[in-house]
Amino acid sequence: MTGLILFAVAFILLMLGIPVAFAFGASAVFAAWIDPNVGLQVFGLLPYRIFGRMDNVILMAVPLFIFMGLILEKSKIAEKMLESIGELFGPVRGGLAIAIVIVGAILAATMGIVAASVVMMTTISLPVMLKHGYSPRLAGGVIAASGTLGQLIPPSIVLIILGAVMNISVGDLFKAAVIPGLIVVCLYIMYILILSFFKPEIAPAIKTDKPYSQILIEAVKSLVAPAILIAIVLGSVFTGFATPTESAAVGALGSIILAVFYGTFSWDLLKYAAKETVTMTGMIFMILIGAAAFSLVFNESGAGDIVTSFFTDDISSKYIFIFFAMSLIFILGFFVDFIEITFIIIPILLPIVQEFNIDPLWFALLIAINLQTSFLTPPFGFSLFFLKGAAGNKIKTKDLYIGIIPFILFQIITLLIIFFFPHLVEMLVK
């Protein structure tokens, strides 16, 4: 009963607009207060839980990767890459949309910040796509979906937090996420090619007066900086030369060096990136504290044991459990952010994962793919908010919601591929 009260109070507070961290913390206090078997004295254990999580070195990578992404966002490196690759693929049907997918994947491997990726691509690419006759639905869908690739493609903040919560090597998660990330990108590109082949009027080719050799050279030049950064950050992790936290520190320094090299570095840029990093990191760790209080009361009330017993004794099928877990995460993604889902729901599911002897790395990748859809699913998909805010009246909300549906389906298809072919997760890990 206490578990139901916890979720009910948290849901009501969230609907009232209470910040997530305070909503979960307040619901924990209320549930502990009304349950005599728990009591407010249970919060004497809370500092140990909080310090146990804060002491996790892996989480140090979160602010460092955020800082790296913010520097790259404001240094115009990503903007130049988007413009040059757009010109490179422009002469092909659907080429501009394909360019956005490719740039989205590259930005995911360097920036990993969804808001920055979506807003930048919307500001630069959406007017160009609409000007050349692209369907608003396709344009909106491909920008929102491509900007969200940073949730899955390493170095992903989602993977770092999942690794910390599930006690899994973040380096292994990074390696395991490469193939699912490539599958998503390929599905996006295949969809654009097929759609533009049968309906060329919604994704026409764009003619240019520039010599193609010049366009190619400019595109290669724009890729040099991101390629170097990806090689340093991910290469050091994949080869075992550095931990994810160490590579994040090198990446943060590398982003500053690249900004200096391209002549876009300034003290205002450094101040902006530092300030935004503190704000975003503070938000994440406030949610972590609220989630720690929530899970403490949930477990101390015995609700966690009831849930575990229900799946392991009453149902006794790990596949039904996986279906239930993925369905729950997918539905919650319509209403709450990935951070809350990770800190609240995953600790509840972990004991059941252990009881069924499910490979935690494989399960974590299923969760990561699922969580990526939370940025795309209306009504509260954050990528949709970011795009609509940057686009203004250039695109209707209805067109945006319809345009994103195929890309959500491709996320689900990727989830099913990894479910039925779990060896794909292990190919780069071993």
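Visitor: Where does the largest share of the second largest pocket's lining come from?

Guide: A pocket is an open set of points on a 1 Å grid over the protein atoms alone, where a 1.4 Å probe fits, with protein on both sides within 12 Å along at least five of seven lines; lining residues have an atom within 4 Å of a point. In this predicted model, helix α16 gives 6 residues to that lining, the largest share (helices are DSSP runs, H or I, of at least four residues, numbered from the N terminus).

Visitor: How much space lies in that second pocket, and which residues are closest to its centre?

Guide: The space comes to about 500 Å³ (probe spheres set on the points fill it). There are 21 lining residues, and Phe 7, Leu 328, Leu 332, Ile 344 and Ile 345 are the closest to the centre. If you want to trace the walls, follow α1, α14 (303-315), α15 (318-332) and α16, the elements that each give two or more residues.

Visitor: And what about the largest pocket?

Guide: That one holds about 730 Å³ of space. It is lined by 32 residues, with Met 283, Asp 337, Phe 375, Phe 382 and Phe 386 closest to its centre. Elements giving two or more residues to its lining include α1 (2-15), α4 (61-74), α7 (114-131), α16 (338-355) and α18 (382-391). Its largest share, 5 residues, comes from α13.

Visitor: How many aromatic pairs are there?

Guide: The structure has 17 (ring centres within 6.5 Å; planes under 30 degrees apart are stacked, over 60 edge-to-face, the rest tilted). Take Tyr 188 and Phe 410: their ring centres lie 6.4 Å apart with planes at 55°, so this pair is tilted. Tyr 188 sits in helix α10 (residues 170-198) and Phe 410 in helix α19 (residues 397-420), so the pair ties together parts 222 residues apart in sequence. Both also belong to one aromatic cluster, together with Tyr 191 and Phe 407.

Visitor: Are Tyr 188 and Phe 410 buried or exposed?

Guide: Tyr 188 is buried at 0% relative accessible area, and Phe 410 counts as buried at 14% (buried is under 20%, exposed over 50%, partly exposed in between).

Visitor: What kind of pair do Phe 419 and Phe 420 make?

Guide: Their centres are 5.0 Å apart and their planes stand at 85°, so they are edge-to-face. Phe 419 is partly exposed at 22%, while Phe 420 is exposed at 56%.

Visitor: What are the ground rules here?

Guide: Residues are numbered from 1 along each chain as its sequence is written. Local features need pLDDT of at least 70 and side-chain atom pairs 80 or more, totals for chains, interfaces and linings use all residues, and side-chain values use heavy atoms, without hydrogens and water.

Note on methods: Phe/Tyr/Trp six-rings, centres within 6.5 Å; stacked < 30°, edge-to-face > 60°. Buried < 20%, exposed > 50% of the residue type's maximum accessible area, 1.4 Å probe, protein only.
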